[in-house]
Each structure stands twice: as structure tokens, then as C-alpha cells.
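Dear colleague,

Please find below the structure I am handing over to you. My notes on what was found in it follow directly after.

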Amino acid sequence: MSDPELLRAAGTAVWGFPGQRREQAAPRPRTSATPQLDFPPVRNGLDYLASVVEHLDETESEVTPRDVKYAVLHLQAAVEVLFKARLLAEHWTLVFTHPGEASRKALEEATLNSVSTDKAIARLRNIVGVPITDKEQKALTKLTEDRNKLQHFGLTHNARAVEARAGAVLDFLIHFIEDQLLPYLDEPEATETERSLDGLREGLNNINSYVRERMNRIGGELKAEGAEHRTIECVSCQEMALVVQPRTASGLPDDWGDRATCRFCSTSWPPKGLHMYFRGQRSPWEPADICPMCGEAALGADVRVRSEATNSRYFCFCCTTAFATLVPCDGCGRQIDTWAAGSPPLCHECEEAMETEPEYELPYEGPEDYGFTEERG
Ligand SMILES: [Zn+2]
Ligand SMILES: [Zn+2]
Ligand SMILES: [Zn+2]
């Protein structure tokens, strides 16, 4: 793969990496020491980002699907070139798909197979030690998916969701440039970069304030409808705007209700699909899926609910009840939310079985199960 940014980055400044990179613990530890990073790839990345902001800024003009398309393409291009710039600063072989097969000739002639975005993220996290949260990593991966879909099929899915994700990545990249690239730049280049970053921040503010405005309006509607307790973080746009409908009284016994729809990005899912998403890797039809409120196998875990925004909850996608804590029953493994203090957690059925059948034994674990012998004085 030919990579003109890398060719330019492979200028003489790049060869000066003796692995003496400055500490990155403190943000912007720029000193008068020799700059270590060639500027063009950073400038190129900033230029892509300026285009992203132009396309997504609602204060300039209404954002069209075409704007979203070019914003995503340019954002992905910026991610690639900026991540590679940071990898180059760490060690030049890291921009190769297989660093073990790296050669300076391939880098100079830009004939290398360069690292994929997914691998670049892993190397930045694991080798360079760049703090990238799971949420940021997810947004970056989704961006790559969005870009691939756009390149092949055009904008087929919801522009709002794509736009919200792009805003999150833009926010991440502005910090990334500030913390991870600025310290490696020469004084005039750093000054120019800071000036560009100021412009980007202003644009990002306009984008974010538009998102905030819409979310404020949606929040008001949800409150008026009394729907905040069954509104969860959207799987697609990550806004707290996905409204889950409780099972309708008229529905079939196994019908949990209408599709859940996000008020922000308009994406919708069947409740059973959301349950599958939030139940994680458990094997199918475990007792742990059964909701203590309605008895349906519809429980998800780690769901962020709008009315309980600080902590994630267990959430039933059938009756839309949220639970702060659930504990599996000692007898049958079903989740329960209340039990008598000081006694082992038991559901009603198991408690009754214990009372009517005295020989019923709980799968009790004593200290001896863990290799301890009880000593009593
Ligand atoms: Zn959404
Ligand atoms: Zn339920
Ligand atoms: Zn039980």
C-alpha cells in the first residue's frame, strides 16, 4: 500500500529516534530538546480534521447526509495518519503490518504494508501506553465500520448516529494531538498546531452544543412522558435516548412489546435483540436471565438507564424494570432482588420448598470447600 504521508514522515527527522522519547506522564512536556517528529503528517491530519468540522458544524449550514459522508471519510483519514505519526515517534517499524519484516527501504519508498487502524490502536495502547478507554476504542472501531460501509454502499444507515459517533472521535483526536503529538513538535510547528487546535475546539463546541440542544429537548419530552426510567443509552449513538416499550397488555405471551427506538438517532431494535446484546456471553436460557419482577427471561446487565445515570443497572427488556443489585438464588440460580438479612439468598419457591420438605438441602459451601479447617476455641 502506497502511503504518501508516511513517505514524507520518513524524512530525516524520523531517523533521529533513539528511543529517548520524553516522558508523557505530564501533558505537554515540551522543552527546548530536539524535536522528534516530522511535521507534515500532523499538518495533514489537522487539515482533514478542519474539513470534518466544516462538514459537521450546524451553525454554518444544515448538515446533509453528504456532509456526514465526507466528515466520516476525512475523520478516518485523520485517524490513520495521526496514529501512524505517533507510532513512528515510538519506533519506525511499528507502522508496518509485521514489524518483524520492516525495512527502511520499504518505508523510504512507501511500498510498505502499513498497519491497520485496529492494530494501530492495539499498539498505541499496549506498546506506547496511550490511554484509550474501551468506549473510545469502540467509537474508533465503529468509525472504521462506518467508513467501510460508506465507501462501498454510500450512507445506508442513520446519518444522526454516524454524526454523533464522528463527534466523539473528533473529541478524542483533539486530545490525542494535544497530549501525544504536540510534545514531539518543534516550536514553530507546535505553535501552528495549537492554533489549528483552537479552531477545531471551537468547531467541536458548535457540533456539541447542537447535540446538547437536541438532547435537552428530548430530555424534556422524556420527563413529561414519564419515560426516563425506561430510557437507556443507545447502542448506536451512545446518547441516553433509547426508549424501551414495556410489554403491551394486548400482546402475545412471548411478545415483549414494540420496538425500542432512539429519540436522538431514530435507530430501532426489537426488545429481544437488545436483551441478547446486553445479556453478554452467557449461554442461552440461563436462570440468570429471569426477571424477578415479571418472570420473563429478559434480563440484561450493565445497562445505563436515564433515570439512574450514575450507575449501570440490571434491566428487564420485557417489563422495563431496573434493578440496582441482583443476587442468584442459592437454590435455583434465578436472580432475586430481596431476601432476609443474615440468611442465604433464596427465592420464594426455594424458601417454600425448604419449609415443606425438611430434607431439602441447599448447595451450601462451607469454609472446608476452600481448603480451610474450622478451628473453634
Ligand atoms: Zn441513538
Ligand atoms: Zn421483567
Ligand atoms: Zn430459587
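Arg304 stands opposite Ser312 in β6. This is a feature of a predicted model, as is everything described below. The strand β6 covers residues 312-316 and pairs with β5 in the antiparallel sense, over four bridges. Together with a third strand they form an open sheet, in the order β5-β6-β7, with antiparallel pairing. Because β5 (299-304) and β7 (322-323) stand at the edges and have a single partner strand each, one side of each is left without a neighbour in the sheet. In general, the strands of a sheet pair through backbone hydrogen bonds.

I turn next to the zinc ions. For the zinc ion (ligand 1), the protein donors are the SG atoms of Cys234, Cys237, Cys262 and Cys265, which lie 2.3 Å from the ion. Along the chain, these donors follow the spacing C-x2-C-x24-C-x2-C. Two of them, Cys234 and Cys265, link distant parts of the chain, being 31 residues apart. Cys234 lies in the loop between β1 (231-233) and β2 (240-243), whereas Cys265 lies in the loop between β3 (260-262) and β4 (268-269). Both Cys234 and Cys265 are buried. The site is tetrahedral, with angles of 106 to 114° among its four donor atoms.

The zinc ion (ligand 3) has as its protein donors Cys329, Cys332, Cys347 and Cys350, each through SG, at 2.3 to 2.4 Å. Their spacing in sequence is C-x2-C-x14-C-x2-C. The arrangement around this ion is tetrahedral because the four donor atoms subtend angles of 103 to 114°. Among these donors, Cys347 and Cys350 are buried.

Yours sincerely

Technical notes:
Residues are numbered from 1 along each chain as its sequence is written. Chains are lettered from A and ligands numbered from 1 in the order in which they are written. This is a predicted model: local features need pLDDT of at least 70, side-chain atom pairs count only at pLDDT 80 or more; totals for chains, interfaces and linings use all residues. Side-chain values use heavy atoms; hydrogens and water are left out. Donors are N, O and S atoms within 2.8 Å of the metal (3.2 Å for Na, K and Ca); water is not among the atoms, so sites may look incomplete. Four donors count as tetrahedral if all angles lie between 85 and 135 degrees; four count as square planar and six as octahedral if opposite donors are over 155 degrees apart and all others between 65 and 115; anything else is irregular. Helices (H or I, at least four residues) and strands (E, at least two) are DSSP runs, numbered from the N terminus. Buried means under 20% relative accessible area, exposed over 50%, partly exposed in between (1.4 Å probe, protein chains only). Two strands pair if DSSP finds at least two bridges between them.
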